[in-house]
Amino acid sequence: MKLAVFDFDSTLVNAETIEELAKAYGVGQEVTNATDLAMAGKADFYTSLLKRANLLKGMDAHKAQEICQNLPLHSGALEVVQGLHSLGYKVVCLSGGFKWATGHFKEKLGLDADFSNTLHVNGGVLTGQVSGPLMRGDSKAEILASLQSLLKPEHTLAVGDGANDIGMFKLADLSVAFNAKEITKQAATFIAQSLDLREILECL
């Protein structure tokens with residue numbers, strides 16, 4: 001058995017979920033600025049996530065869920081998952097984003113599992129709070145290490161774009177920087193030259 005772990009935002013989908021929510025709620029620029037700093041490794045991921053989620057306080061939950069389930073996939077997303085499955089990989093998504101998005105696209109893409117965070121809701125609106133297993137910058141590495149211990153894969157592929165993906169890159173046999181920040185490219189064994197996820201199949 002082989003294991004492939006993908007980041008979600010800006011990797012499987014061509015968007016940052018929290019930025020799309022923020023744009024719809026009128027706080028887009030503030031959230032985008034905070035996201036950019038966190039993804040470039042210039043801000044603490046946990047603190048940044050709490051701050052960004054708090055800016056969404058009061059947003060209609062139904063509207064937020066609808067946005068999460070209508071994000072644009074990167075080209076080749078379905079094909080890369082199907083291709084990896086045909087090569088014997090279990091394909092998992094690890095995201096500092098939200099279950100409304102990853103759970104939906106897990107079904108759409110046929111992923112084997114998704115791990116992400118939950119936006120809290122009360123009275124039909126977002127409370128501004130968030131919780132889950134991927135709140136910190138090193139959370140992805142921790143979950144990947146647990147998956148490797150449990151599944152004992154003969155090969156691990158990791159794909160991501162941000163600074164919080166570097167930890168899982170260090171645990172992988174092959175790491176691919178896709179649509180990535182410079183700090184992430186420096187940590188990868190392969191840098192995708194296109195925005196088509198099928199390119200990943202060429203480096204296996």
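How many of the 204 residues of the protein count as buried? In this predicted model, the figure comes to 51% of the residues. The fold is built from 10 helices and seven strands. With a radius of gyration of 16 Å, close to the 17 Å that the globule rule gives for 204 residues, the protein is as compact as a globular protein of that length. Its C-alpha trace covers about 45 × 35 × 30 Å along the principal axes. Contacts also reach well along the chain: taking those with a separation of 6 or more, 60% join residues 24 or more positions apart. On the outside, about 8,800 Å² is exposed, and carbon and sulfur atoms supply 49% of that area.

Turning to the interior, the largest nonpolar core holds 48 residues. Within that core, Phe-6, Leu-21 and Leu-157 are the ones that touch the most other members. Leu-21 gives a feel for how such a residue is surrounded: once its neighbours within four places in sequence are left aside, Leu-21 is in contact with Leu-56, Met-59, Ala-64, Ile-67, Cys-68, Phe-98 and Leu-119. Apart from this core lies another one, made of 16 residues, including Val-5, Ala-158, Met-168 and Phe-169.

Helix 7 offers a handy tour of different settings. Gln-148 sits in this helix, which runs over residues 139-151. With a relative accessibility of 18%, Gln-148 falls under the 20% cut-off and therefore counts as buried. Not counting residues up to four places away in sequence, Gln-148 touches Leu-3, Pro-153, Thr-156 and Leu-171. Leu-151 belongs to helix 7 too, but this residue has a relative accessibility of 35% and so counts as partly exposed. Together with Met-1 and Leu-150, Leu-151 makes up a nonpolar surface patch of about 280 Å².

Helix 7 also takes part in the charged pairs. A search of the whole structure turns up nine salt bridges. In one of them, the side chains of Lys-140 and Asp-7 meet at 2.8 Å, N to O. This pair ties together distant parts of the chain, with Lys-140 in helix 7 and Asp-7 in the loop between strand 1 (2-6) and helix 1 (17-25), 133 residues apart. Are the two partners buried or exposed? Lys-140 has a relative accessibility of 2% and so counts as buried, and Asp-7, at 4%, counts as buried as well. The pair is also part of a network of salt bridges that links Asp-7, Lys-140 and Asp-165.

Another salt bridge joins Lys-99 and Asp-114, whose closest N and O atoms are 3.0 Å apart. Here too, distant parts of the chain are linked: Lys-99 lies in helix 6 (residues 99-109) and Asp-114 in strand 3 (residues 113-122), 15 residues apart. The two ends have unlike surroundings, since Lys-99 is partly exposed at a relative accessible area of 36%, whereas Asp-114 is buried at 10%.

One more pair is formed by Asp-138 and Arg-136, with 3.1 Å between the closest N and O atoms. In this case Asp-138 counts as partly exposed, at 39% relative accessibility, and Arg-136 is partly exposed too, with a relative accessible area of 36%.

Definitions and conventions. Residues numbered from 1 in each chain as written. Predicted model: local features only at pLDDT ≥ 70, side-chain atom pairs only at ≥ 80, totals over all residues. Heavy atoms only, no water. Core = buried A, V, L, I, M, F, W, Y, C linked by side-chain atoms within 4.5 Å. Buried < 20%, exposed > 50% of the residue type's maximum accessible area, 1.4 Å probe, protein only. Contact = heavy atoms within 4.5 Å. Helix = DSSP H or I, 4+ residues; strand = E, 2+ residues; numbered from the N terminus. Patch = residues over 30% accessible without salt bridge, like charges linked within 9 Å, V, L, I, M, F, W, Y side chains within 5 Å. Areas by Shrake-Rupley, 256 points an atom, 1.4 Å probe, with all protein chains shown as cover. Salt bridge = Lys/Arg side-chain N within 4 Å of Asp/Glu carboxyl O. Rg over C-alpha atoms; globule rule 2.2 N^0.38 Å.
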